Amino acid sequence: MKIIKKIFFAGAILLSIASCDSVDELNLDKKAYTTALPSALMTSAQVNYAYFLTNASVNDNNFRGYAQYWTSTTYTDEVNYNQERRNLGNSHSILLYRDVLQDLINAQKQIKNIEALGPVDIAIKKNKISILEVQIVMVYQTLVDLFGNVPYTEALNIAAYPLPKYDDAKTVYLDLATRLDAAIADMDSSNGSFANGDLIYQGRVASWKILANSVKLKLGLHLADVDAVKAKSMIESAYNSGVMTNESQTALFQYFSSIIDMNPLYDTLVNEKQTVPTEFFVNELNAKNDPRRDVFFNPESKKEGNYKGAPYAKQVTYGDFSNVGPRLKLKTNPGVVFDYTETCFLLADAANRGFSVGGTAEEYYKKGILASMNFWGVANADAQTYVGRADVAFATATGTPKEKIAYQLWIAYYNRGFEAWTEYRRLDFPVLQAPSTAVEAADGKVPVRNIYSLFDKTLNKNNYEAAATAIGGDLMTTKIFWDRF
Amino acid sequence: MKFKFFQRKTVVLFFVLLAQFALAQERVVSGIVSDNAGIPLPGASVLIKGTKTGTQTDFDGKYSIKASSNSVLVFNYIGMKTQEITASNAVVNVVLAGGSEQLQEIVVTALGVKREKKSLGYATQEIKGEDLTKVNTGNVANSISGKIAGVQIRRNNNIGGSTNVIIRGTTSLTGNNQALWIVDGIPLNNDNTNSADQKSGGNTGGYDYGNAASDINPDDIETMNVLKGSAASALYGSRASNGVILVTLKKGSKSKGGLGVTFSSGITVGVVDKKTLPEYQNQYGGGYGDFYGTVNLGSGEHPYAATDDASWGPKFDPNLLVYNWKSFYPQLPGYGKATPWTAVQENPNSFYQKSVTYVNNVAFAGSNENGDFRFGYTNYNQDQGILPNSDNRKDNFNFSASYNLKPKTKISASANYLKANAKGMNETGYGDGGNNYLSSIRQWYSTSVDFKDLRDAYNLTGGNTTWNVTGPNDLTVQFHDNPYFQRYNNYNTMDRDRFFGNVNLTTQVNDWFDITGKGAVDYYHQLQEERIAVGSKRTPNGQGQYSRYDKDFREVNFDLILSFKTGITEGIKFNGMIGGNTRRSISTSIYARTNGGLVVPGMYALSNSVDKINNPTEYQTTLGTNSVYANASFNFLDTYFLEGTYRVDQSSTLPKENNTYTYPSITGTYIFSNHLKTDWLSFGKVRLNYAETGNDAPFGKTVATYSKNDNFGPGGIRFSTENEKSNANLKSELTKGFEVGFEFKLFKNRVGFDFSYYKTNTTNQILSIETPSQTGYTRAWINAGDVQNKGYEVTLNVIPVKTANFSWEAKINWSTNKNEVISLGGADRISLGSFQGIGYVAEVGKPVGQFIGSGFTYLNGQKVIRANGRYQQTAGAIIGDVNPDWIGGINNVLTYKNFTFNFLIDVKKGGDVYSLDQRFGHTTGIYESTVTNNHLGHPQRDPLADGGGILLPGVKADGTPNDKIVSVEGADGYSFYNSMPEQQYVYDASYVKLREVGLSYRLPSKFLAKTFISNIIFAFNGSNLWIISKNLPYADPEAGMSSGNLQGFQTGVLPTSKEYNFNMKVQF
């Protein structure tokens, strides 16, 4: 009987364990965060946006190929414009929506929810929200420039819109302009913003304001061929409010030396040796004895005393050609988000179109080339020699003013594949030939658009089809709305 | 036969005479114990009444024992009526009768309850321990293959790797579908630690670290019973929704009196099956085309062989002198020497070696009226795996004991400890950058590289002297290391310590009421260490890397069960039970690796990191369920049986308001043979059941979280929003299913037949679905969907021949399962994973597990060829289905005197496999099939002008036959084979295998009569000896990445080993 009593006692304990030991709290992951620092969400977004602009992975950024700076020696699907094989539309979409915009918007939401007390706090809060807003605008512009119509009003709100519709590209552009104006107006340089987490300007509001105006300049210029009136007002107000005027204002993204924070080009150029400059680009630079060649290309890889580029999109041997310069192979080489060189060329284009931007096309053209030389560390004397050449100087170089600007812009935008390809599409110069081996979908032309994610077709079918119809077909040959020529 | 009769008579006569002289003296009494069908009963116990002296019958039912003529022999066999006979004669032959004239088969059912098989209203199928130990392949799940209807086993071939076990098809789209393993009432965690990238054969790849069911030692297993349907497993709750494999370990209680000792020792040699190796072409060398140029490395200007990872190079020509890779290295003897351009002596198949495994086992067991005990120790030692520098060792200790405290209270406990160590498992996956050397040699390889040279180069230099360098003057490695360097330097290790055990206390309160308390624990620690040597291409700049992954798992279960049994009235019996279970499990893991390289080469420690290490990745998963269950079964006249079960689970992984859910089941059985007395029908039964089971969510899916990445630069703290939207409103999954079955035993049990039909629907599935990335998430958790499984299972046991000396028994099983996705909550298709560009999906109207990729385009059933002579492709087509049409096995046991011969043929019909090995092996021109002659009889690689090229079978867009011959010379061959739709490389994964063969010989007891040894058995066994038929070239269709939901993909797979085993077993 003693034993039976003991068993009942043990049983009673067991049942009390079963009934009292609640399971309610077990599902909270003790190693996962249920809250996040807003500034740290922005940091993550900046890292990913900079990655989008900087990297040259075949999965995420083939734009240096589209602009025909570089080509791949062995695996040529991407430089032959195969956008389907690696579902590039999906890589871009995931990176920009999920890994950049989502975090920027969440950061903004969280900051909005924190009550600010007193005028200084209110100003800082406004600055933070505006700085995030500028970045959101930049990313949406990138998305439109990639795809055309994109989810905008219904994006990033899964509870309300699990299947977001696509908005008209121009409407998005105009709304971005409005948002940018509001953000610029809200920025107060006499107060601070992010104490940490801003890897681009370390929270300097004045710098963000200049960047915001420079972005507005670009946004406006993109509208020039389709809405000259709107373009003029945006460009001139941006110029008057203050765009970049020197190299120190360039929005750089600093990389470091460890595997998680190094420049992603290191992977492509050093770990994998499959990327070399193109014959076309190298020959153009050789022809004008461009002093940037010793930075753009690896001086140790000269062939018979000269730089030698590879034919575009052909399978070749890496060692037979010059390769990319050592500065680009540095783990710590910064990426460029927006730079002074770019501002100069945008102003040259604006001036050339008759907009009032405080100087002539010729002045900004020369400033742009010199800014590029400066950025790449070319000695001033060499830079001056170059701009003095008859085939470089604005007055004497061949081509229309637009072509001259576009041509020098193309050289100066080296290593900025996405912007270079975008400006090539907008300015249509230099004339780039698609390779004969290009995929059929390219129709013998350099792509002017990235096709949507293949998953959009299956996951968001109706909205996808409506968008494809609206833009004139989900093709890489369909022009973005601003690409009139 | 006459002779035999004479002999027996003589013996009888002799004993009769002997008895005259030696009355009441001890002498040998012998005989045969059989059942009423005349079938001898091996293992029946024979005990002299009132003593502890006893013996067991041998395989032929024979026994011999020393007894005086007035002693009483007690004959006992489980499930049969005990008989007592006085040993007055020297020969006592006994026919034991069943409880109700039938052989009472007792099986272990849910919660360890022993039941008469005839009463069960659901299908179960049992395997005896001795059928699992013939060849110990390191994972007991492998030994089930082909033996149980409805159980699909997929060995993956990986060294120490995992085995996929699916019972009655895939039910859950994204959840766990693996059967639950319960060993002596202890639910055994059977997770694998393989990464998502590893399972899908991704770029990073990784190792298949195996699943934990491999920790069950086959030598300790008494029986294994498979509970297939929901009704059988409903008492176990949600975790058993995929079926249960109940393992009962050996106990001391089996040995009747005294101490029994068993010792066995065996050696297994594994030899690579040539049918699972690639056939390399030996006519053309490496490169993407002609020689890239000439160079003078010291013996004149000669072409240099391409160092690229493809074999579209120039045709071999012994008169041509070429600088090959080994002439590029100053430290090699071939430096600067041009050699004839000829085929290699050793192709990559010489990489494999024989595997050697020793298994030694000793067990002690004993019992008396107060209790029993058993201790077993098994050492499994694969000294040498089929790849260089691999081994696998397990030490397994098992101890169990029971003690009767008072006549009505019994306490029992078991403890199992396992120590497993493996080294040099094979890497799996695509291996971008040469991570998996097997992918290199099956996909990206140069046929002008001699493996002998690679081995010599490694042995001489000890360094990474490899063929795949940048060029003659640049020895930077492109992708592929020297394979020997990689094997001996980039190796992994796995160490697992595991303890599982239980304590049971049962007391009989009165003759109709028992109380049982149970506690069970399963604990393991696993350490995985991966090394990449300095100099290997696997890390950037050959900087080296070390990583470690530590995992701890602990699960504790407590059960309290009150059981009742009573006769309600004459002819009606009742059994009932009510119980409670509380389960808590916690799993924690941490992963850390060096960063930026290793400071000191060859030193593998986190502190040896060049840069500061990144944040280690930590996981902690805690799960809990509280449950109450009840069961009631009624037996009417031993003919009608009715049983109902009910279980309520409260699970921690569901939101509080939805966390409680229930499972009812009801089963009915009618033994119609009790009403149908015929000569030929020994037993007949019909059974029917209906059950509902639920399933909870994976851990932590109800709470939104942020991930925190490593700091970017100094102070760059990073948080990011989750990519997969959590869901605070999840509900439990629901499976409803019914099953109907028939069992017959005919002609005095010479033929046994069992048939089941079942249909289940799993609705309200907890799914992670893909969402458009513009929502900010790429996946979201939802409740949706309906997956249906229906199928037939047939088992047939036949004893065609049964004589005194010879018997032949055939056990046939066959099953088919039809899986269909009925609904996906509005979506047509959801992605379950992807394999290097191939989608793996569930699509409405089709079985779970369709391959999506580029397919052929058909016109009137003919493949369409474009104007360029290549296939017209259809993107996003369904190009394969992983589900087999049916599976089956035939196991034959032939016994002649003391010899037993058995062989098992295992068949899988249908189901597809996508081979990336075939795709890239063709693209790179390494396989024999890329040099065969074309339709004109010319070598396909000859120039078009010389009659070369390939004419693809098919029609042009206008329907006329294709007449465009395509060049496959050099690099164009790369693009030609690369232009094939992915469907080209989807193969039917059917196979017919001679899975097991065994020949054993048991020393006749007369040789041992005067020794203390009671039994000696010698056995030769073989496993996987012959793939009788398959359609997939150069590999085993079973080979794969890992256990889990993603199946049917091959990249860089290991060949199959034919295993030859010799084994000796001694019982004392």
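Two residues are in contact here when heavy atoms lie within 4.5 Å of each other. With that in mind, welcome to this predicted model, in which 78 residues of chain B are in contact with 75 residues of chain A.

## Where the chains meet

The size of an interface is often given as the accessible area lost when the parts come together. For chain B and chain A, the buried area is about 6,400 Å², and 60% of it lies on carbon and sulfur atoms. On the side of chain B, the residues that lose the most area to chain A are B:Phe712, B:Phe719 and B:Gln774, which together make up 14% of what that side buries.

Charged and polar links also join the two chains. Between chain B and chain A there are 3 salt bridges. A:Asp24 takes part in a salt bridge with B:Lys656, where the closest N and O atoms are 3.5 Å apart. The two chains also share 23 residue pairs in polar contact, counting pairs with both residues at pLDDT 80 or more. If you would like a place to start looking on chain B, try strand β36 (residues 617-636), which gives the most to the side that touches chain A, with 8 residues. How do the residues on that side of chain B divide by character? The table shows the split.

| Residue class, side of chain B touching chain A | Number of residues |
|---|---|
| Nonpolar | 26 residues |
| Polar | 34 residues |
| Charged | 18 residues |

## Chain B as a whole

Stepping back from the interface, chain B holds 9 helices and 62 strands. Its radius of gyration is 32 Å, close to the 31 Å that the globule rule gives for 1068 residues, so chain B is as compact as a globular protein of that length. Along the principal axes, the C-alpha atoms of chain B fill a box of roughly 105 × 75 × 70 Å. Of the 1068 residues in chain B, 59% count as buried. Among contacts in chain B between residues at least 6 apart in sequence, 68% join residues at least 24 apart.

## A closer look at one residue in chain A

Let us finish with a single serine. A:Ser214 sits in helix α7 (residues 205-222) of chain A. Is A:Ser214 buried or exposed? Its relative accessible area is 0%, and the cut-off for buried is under 20%, so A:Ser214 is buried. Leaving aside residues up to four places away in sequence, A:Ser214 touches A:Val243, A:Met244, A:Phe338 and A:Thr343. With A:Met244 there is a polar link as well: the side chain of A:Ser214 reaches the backbone nitrogen of A:Met244 at 3.2 Å.

How values were computed. Residues numbered from 1 in each chain as written. Chains lettered and ligands numbered in written order. Heavy atoms only, no water. Buried area = accessible area lost by both parts, 1.4 Å probe. Salt bridge = Lys/Arg side-chain N within 4 Å of Asp/Glu carboxyl O. Polar contact = N/O pair within 3.5 Å; in protein donor to acceptor, adjacent residues only side chain to side chain. Helix = DSSP H or I, 4+ residues; strand = E, 2+ residues; numbered from the N terminus. Nonpolar A, V, L, I, M, F, W, Y, C, P; charged D, E, K, R; others polar. Rg over C-alpha atoms; globule rule 2.2 N^0.38 Å. Buried < 20%, exposed > 50% of the residue type's maximum accessible area, 1.4 Å probe, protein only.
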